[in-house]
Amino acid sequence: MAKKIAVDPLMDKLVSLCKRRGFVFQSSEIYGGLGSCWDYGPLGVELKNNIKRSWWEAMTHRRDDIEGLDAAILMHPQVWITSGHVEGFTDPLVDCKKCKHRFRADQIDGKTCPDCGGELTEPRMFNLMFKTFMGPVEEESAVVYMRPETAQGIYVNFLNVLQPSRQKVPFGIAQIGKAFRNEITPGNFIFRTREFEQMEMQFFVHPSEDQKWFDYWKEQRWNWYLEIGIRPEKLRWHEHEKAELAHYAKAAYDIEYEFSFGWKEIEGIHNRTDFDLSRHTKATGKDLSYFDQERNEKYIPYIIETSAGADRSTLVTLVDAYAEEEVKGENRVVLRLSPKIAPIKAAVFPLVKKDGMPEVADKIYHELKRHFKVFYDDGGAVGRRYRRMDEAGTPYCITVDGQTLQDETVTVRDRDTMEQTRNKIGELVGIIGAKVK
Ligand SMILES: [Zn+2]
């Protein structure tokens with residue numbers, strides 16, 4: 001496989017912090033790792049879950065017009081023929097005859113290898129879907145695919161969701177779930193991986209209202225990134241030109257983020273027209289059209305899709321939050337994660353492990369634990385405990401000291417300003433809650 005050694009100091013530091021603090025590990029690391037597969041550690045799973053929860057709340061709980069769904073990864077193989085993925089979901093692949101490195105033909109200029117200048121093979125088409133077999137016999141009729149997108153699970157359940165929910169067009173179906181693509185050139189940590197988690201929503205509209213809803217969802221999705229704390233100056237729109245459009249799309253805009261490795265797509269908003277529902281209707285003979293009582297009209301709804309990645313969103317929050325600064329002659333690394341998505345909301349420290357301080361700190365820890373994810377740490381100098389929590393992105397550190405024992409106050413240290421205030425123990429839930437909710 002092609003292995004380009006890219007020099008990206010920021011990403012190198014982030015990958016190392018993620019390992020050190022327990023955000024993300026290489027998959028099967030003790031076996032030497034598996035290419036572009038990553039595991040989320042204790043802090044990583046909290047961060048990713050908080051991001052998914054924020055998306056789910058914004059897309060379903062806070063609205064009346066979107067329903068949730070969790071469809072199976074394995075689907076009837078005919079679905080992927082109907083959707084166009086068996087035929088069309090391919091990349092042109094070339095190999096270098098000299099150094100054997102492999103490239104996507106559409107990503108390189110010219111006919112010679114960018115690594116060694118060697119001659120390249122003719123392009124051959126390569127399907128990006130992972131295949132496996134269902135049942136004990138490995139034969140062609142037993143082939144099933146690992147879904148390359150969650151969207152099709154929504155389309156084939158259109159009527160199943162519509163009927164019991166009693167929704168009326170316009171309405172949407174949202175889903176978070178794993179998808180798989182056998183990418184030829186994965187990379188950049190958790191940016192492009194072969195196994196990934198999507199957060200997709202399909203919004204069904206009258207064909208004459210597609211542009212209105214397309215514009216609406218563009219705005220909503222942009223705002224969500226601001227809500228999880230991403231700096232707006234690091235975001236921009238990219239409109240797909242005709243030649244770039246996927247086979248099903250009439251219009252597509254990407255939200256891009258400025259990574260150290262360039263501006264890259266983090267979410268796509270697509271007008272998929274009636275392509276998918278029409279194709280499934282034709283393939284199955286099941287009528288997926290909708291009778292609109294208000295308009296007294298029967299039609300196949302158009303679909304506006306918003307497609308984001310949970311792993312990509314996690315990476316964006318980490319990259320955007322990462323900062324290094326000099327404090328009193330020392331280098332401080334801090335993750336300025338929004339308190340809403342930070343894995344740990346507060347840490348509780350006894351200043352020293354004696355004089356009754358651990359007992360009070362322990363009591364505070366258990367009280368806060370009923371409301372938030374909190375962390376107890378009594379190891380080492382308090383300054384070092386602060387630094388560890390800075391790297392974990394924890395917004396607040398609460399320290400029990402000598403004064404606590406006299407007046408039931410503690411110091412609350414703010415991660416970003418490093419300022420400390422004294423507060424009553426009884427006020428802590430309110431102070432932290434105001435920031436993290
Ligand atoms: Zn070569």
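In this predicted model, Pro-170 is placed in the loop that runs between helix α6 (158–165) and strand β9 (171–180). The peptide bond that joins Val-169 to Pro-170 is cis, with an omega of about 5°.

Positive phi angles occur at several further positions. Ser-28, although it is not a glycine, has a positive phi of about 50°, and this residue is found in the loop between β1 (24–26) and β2 (38–40). With a relative accessibility of 36%, Ser-28 counts as partly exposed. Met-418 is likewise not a glycine, and its phi is positive at about 60°; the residue is located in the loop between β22 and β23 and, at 26% relative accessibility, counts as partly exposed. A positive phi, near 80°, is also found at Gly-393, the residue that follows helix α11.

The loop that holds Met-418 belongs to a hairpin formed by β22 and β23, in which 5 residues lie between the two strands. Strand β22 (residues 409–414) and strand β23 (residues 420–424) run antiparallel and are joined by 5 bridges, and within this pairing Arg-413 of the hairpin stands opposite Gln-420 in β23.

The zinc ion is held by four cysteine sulfur atoms, namely the SG atoms of Cys-96, Cys-99, Cys-113 and Cys-116, which lie 2.3 to 2.4 Å from the ion. Along the chain these donors follow the spacing C-x2-C-x13-C-x2-C. The angles among the 4 donor atoms range from 102 to 114°, and the site is tetrahedral; the assignment follows because four donors count as tetrahedral if all angles lie between 85 and 135 degrees. Two of the donor residues can be described by their accessibility: Cys-113 is buried, with a relative accessibility of 4%, whereas Cys-116 has a relative accessible area of 31% and is therefore partly exposed.

The largest nonpolar core comprises 61 residues, of which Phe-23, Tyr-225, Phe-259 and Leu-315 touch the most other members. Because residues of this core come both from domain 1 (9–71 + 142–318) and from domain 2 (344–436), the core lies between the two domains. Another core, of 18 residues, lies apart from the largest one and includes Tyr-155, Phe-158, Ile-300 and Ile-303.

Among the helices, α2 (residues 42–61) has 20 residues, for which a span of 28 Å is expected at 1.5 Å a residue; the C-alpha atoms at its ends are 26 Å apart, in agreement with that expectation. The buried residues of α2 include Leu-43, Leu-47, Ile-51, Trp-55, Ala-58 and Met-59, together with Lys-48, Asn-50 and Lys-52. In helix α11 (residues 382–392), the buried residues are Arg-385, Tyr-386, Met-389, Asp-390, Glu-391 and Ala-392.

A last position to be considered is Lys-340, which lies in the loop between β18 (330–335) and β19 (346–350). Lys-340 has a relative accessible area of 40% and is thus partly exposed. Its C-alpha atom is separated by 41 Å from that of Phe-126, a residue 214 positions away from Lys-340 along the chain.

Methods: Residues numbered from 1 in each chain as written. Predicted model: local features only at pLDDT ≥ 70, side-chain atom pairs only at ≥ 80, totals over all residues. Heavy atoms only, no water. Donors = N, O, S within 2.8 Å, 3.2 Å for Na, K, Ca; no water. Tetrahedral: all angles 85-135°; square planar, octahedral: opposite > 155°, others 65-115°. Buried < 20%, exposed > 50% of the residue type's maximum accessible area, 1.4 Å probe, protein only. Core = buried A, V, L, I, M, F, W, Y, C linked by side-chain atoms within 4.5 Å. Domains from an automatic or database assignment. Pairing = 2+ DSSP bridges. Helix = DSSP H or I, 4+ residues; strand = E, 2+ residues; numbered from the N terminus. Expected span 1.5 Å × (residues − 1).
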